[in-house]
Amino acid sequence: MADTVIVSRESRSSNIVDILEYYSNAAITTGTAKKEWVPGFYGRILDVIIDSETANSGEATDIADININGTTIYTTQGNRPTLPTLDTGMWGEAAEPEVVTFEPDDIISLDIDQIATTGSARVKVAILLGRR
Amino acid sequence: MPDNDIAIADKPNKVGWRRFNFTDYVSGALTTGNAKKEWIVPFFCKIIDIVIDSAGAGVGTATTIFDINRNGTTLFTTQNNRPALRSIDTGYYKWTADGLTDRKPPDIVRLVPGDVLSYDIDQIQSTSGATRTIVNIMVDAQ
């Protein structure tokens, strides 16, 4: 039952152009395109930060995915952001996403691919965008 | 029924600092509750203003009062300075619990990477809450 501290790879804002945000106060449920954004500029994803204040329960982990035009940025799906059962705090990534560049008219979207029996709650997502 | 004008306590950006907004919008009637929205703070920053505005009036008596928290602890150590809107008003929330006196800034304004910013609605009007509410927490980021 770990509570992982949030860590940002971009603690200085100089490289950040925009922050794409999502928030669910209630327990998350699975689904595609929970939120979608149009970035409006040529850029790259600098960091994906997901944090849950309330733990999930039951079997399995919570797993999220980020897509550009419907295709995952985590080509290695095992690297998707994951929150183990009964944990809280920042979701872990085994490694960085492979696809990080986007164009102005791309669509960036958030999926919740898997939850425990009951998903975690008070979930906030911050996708940090920078210029190429 | 005064309609308070929005007044932003703007300050010129210091060199090397940039403005970001943590925002929310509630179309329907406000209800009380904690952590109505939460944001991850990814960088060092300083809150330079908190703008809350309700275009639609609620019903009943009592002042509408918000609170803003850093990692679950209020920024308004002096609780009487929380953003507030009198029951007879619409528009901009003054930063005082009487919803009347000119605002006072929160006691805590500096944020660090990994902080979680959130807002609570501590009190609403007695029958139903105000509507069409904008929340905008402005920060200057380092």
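**Exercise 1.** Find which residue of β11(B) stands opposite B:I47, and place that residue in its strand pairing.

*Solution.* Start with the residue: B:I47 faces B:V139 in β11(B). Next, zoom out to the strands (E runs of at least two residues in DSSP, numbered from the N terminus). In this predicted model, β4 (residues 45-56) of chain B pairs with β11(B) in the antiparallel sense over ten bridges; pairing needs at least two DSSP bridges. Now try β2 (residues 18-26) of chain B: nine bridges join it to β11(B), again antiparallel. There, B:F22 has B:I137 as its bridge partner.

**Exercise 2.** Work out why β11 (residues 131-141) of chain B is largely enclosed by the rest of the structure.

*Solution.* Count the buried residues (under 20% relative accessible area, 1.4 Å probe, protein chains only). Eight of the eleven residues in this strand are buried, so the rest of the structure largely encloses it.

**Exercise 3.** Describe how chain A meets chain B, from contact down to salt bridges.

*Solution.* Contact (heavy atoms within 4.5 Å) takes in 21 residues from chain A and 18 residues from chain B. Then look for salt bridges (Lys or Arg side-chain nitrogen within 4 Å of an Asp or Glu carboxyl oxygen): there are two between the chains. One of them links B:E38 to A:K124, with the closest N and O atoms 3.6 Å apart.

**Housekeeping.** Residues are numbered from 1 along each chain as written, and chains are lettered from A and ligands numbered from 1 in written order. Local features need pLDDT of at least 70, side-chain atom pairs need 80 or more, and totals for chains, interfaces and linings use all residues, while side-chain values use heavy atoms, without hydrogens and water.

Methods: Buried < 20%, exposed > 50% of the residue type's maximum accessible area, 1.4 Å probe, protein only. Helix = DSSP H or I, 4+ residues; strand = E, 2+ residues; numbered from the N terminus.
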